[in-house]
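Here's a walk through one protein chain, from its surface down to how its strands pair up. Keep the structure open as you read.

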Amino acid sequence: MLVRASSFTVELGENGYLIGFTDDYEYPAEMPFGWRCGPATDANAVVLTTTDTGPLRMTIQVHDAPPAPETGGGWEPVEEISLRADLPALHLATLEPGDVMDAWPDEEPPLHLPPAPDGGDCVRMRLYCHADDPEPGIGDRGERHLVQLWPAPQTPPVHPDITEEDRQARAEYAADQALAVDAYSLTQPTQTE
C-alpha cells in the first residue's frame, strides 16, 4: 500500500544523481553504463539520466509492501536494486562537475520508510524512467523518473543486459577514477643516513 508520495523537479548536473539512505556523498567508484541505476554504496544508488544539464521531473513513492508494476507511461525497462537503510530518511544529491550537491527540495518534508516487518534494514528501490527526447543532451528532455521504495530483504538486482561497449565504458570510468587518486598522490623520497 502507498504510504506517501512526493513529486518535484530537480535541476541536474552533468552526471545524474545519487539517491538512498545516507548523506555520505562522493562520486561513485563505478558507473552503471548500460543501465539506469546501480549501487554507489550499500546505502545509495547512482542513477544515470538522459538529461545532461536541465530539469528532471521526479516522483518518489514510499510503500509498505511491493507495489504492483506500473503500466503505461512509456516507461523504459524497469530496474530494481536493494539498498541498506543507514539513515531513516531518503537523501538525494546531484552529481555536478567535480562535486556532489544535496538536491532534496527545501519545501518537501523528508521521506521516511515504514519499519520492515522482519526488523531488517534493507529497502528495495524500483526505478521507472521516461524521456520525451531519448537522445542524451543539455536542456529539457522531457525526462521523468518514478522511484518506488519499500522495506524488503536484500535480493539480486534487476537490470537489462548490457553491451560490450557498456562494459568498456565501465572499465574506462573505473580506470579514470583510480587514476584521479593516483594523480594527486605524492611519494616523498626517504632520506638515508
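## Surface and charge

The protein chain exposes about 10600 Å², and 53% of that area comes from carbon and sulfur atoms. Bear in mind that this is a predicted model, so everything here is computed from predicted coordinates.

What about charge? The chain carries 10 positive and 35 negative charges. Take the mean position of each set, and the two points sit 8 Å apart.

## Overall build

The chain holds 10 strands and one helix. Reading along the sequence, you go through β-β-β-β-β-β-β-β-β-β-α, with the helix coming after the strands. The radius of gyration is 18 Å, close to the 16 Å that the globule rule gives for 193 residues, so the chain is as compact as a globular protein of that length.

If you'd rather think in box dimensions, the C-alpha trace spans about 70 × 40 × 35 Å along its principal axes. Of the 193 residues, 42% are buried.

How do the contacts spread over the sequence? Take contacts between residues at least 6 apart in sequence: 81% of them join residues at least 24 apart.

## Strand β10 and its two partners

Strand β10 covers residues 143-151, and it's mostly tucked away: eight of its nine residues are buried. To count as buried here, a residue has to have under 20% relative accessible area.

Which strands pair with β10, and which way do they run? Strand β5 (residues 55-63) runs parallel to β10, with six bridges joining the two. To find this pairing on screen, look for R57, whose bridge partner in β10 is R144.

Strand β9 (residues 122-131) pairs with β10 as well, but here the strands run antiparallel and are joined by nine bridges. A handy marker for this pairing is M125, which has L149 as its bridge partner in β10.

## The β7–β8 hairpin

Now for a hairpin. Strands β7 (residues 91-96) and β8 (residues 99-102) run antiparallel, and four bridges join them. One spot to look at is L95, whose bridge partner in β8 is V100.

What happens at the turn? Two residues lie between the strands of this hairpin, and G98 takes a positive phi near 75°.

## Quick recap

To sum up, β10 pairs in parallel with β5 and antiparallel with β9, while β7 and β8 form a hairpin with two residues between the strands.

How values were computed:
Residues are numbered from 1 along each chain as its sequence is written. This is a predicted model: local features need pLDDT of at least 70, side-chain atom pairs count only at pLDDT 80 or more; totals for chains, interfaces and linings use all residues. Side-chain values use heavy atoms; hydrogens and water are left out. The radius of gyration is taken over C-alpha atoms; the globule rule is 2.2 Å times the number of residues to the power 0.38. Buried means under 20% relative accessible area, exposed over 50%, partly exposed in between (1.4 Å probe, protein chains only). Contact means heavy atoms within 4.5 Å. Accessible areas come from the Shrake-Rupley method with a 1.4 Å probe; for residues, only the protein chains shown count as cover. Lys and Arg count as positive and Asp and Glu as negative; His and the chain ends are not counted. The place of a charge is taken as NZ of Lys, CZ of Arg, CG of Asp or CD of Glu. Two strands pair if DSSP finds at least two bridges between them.
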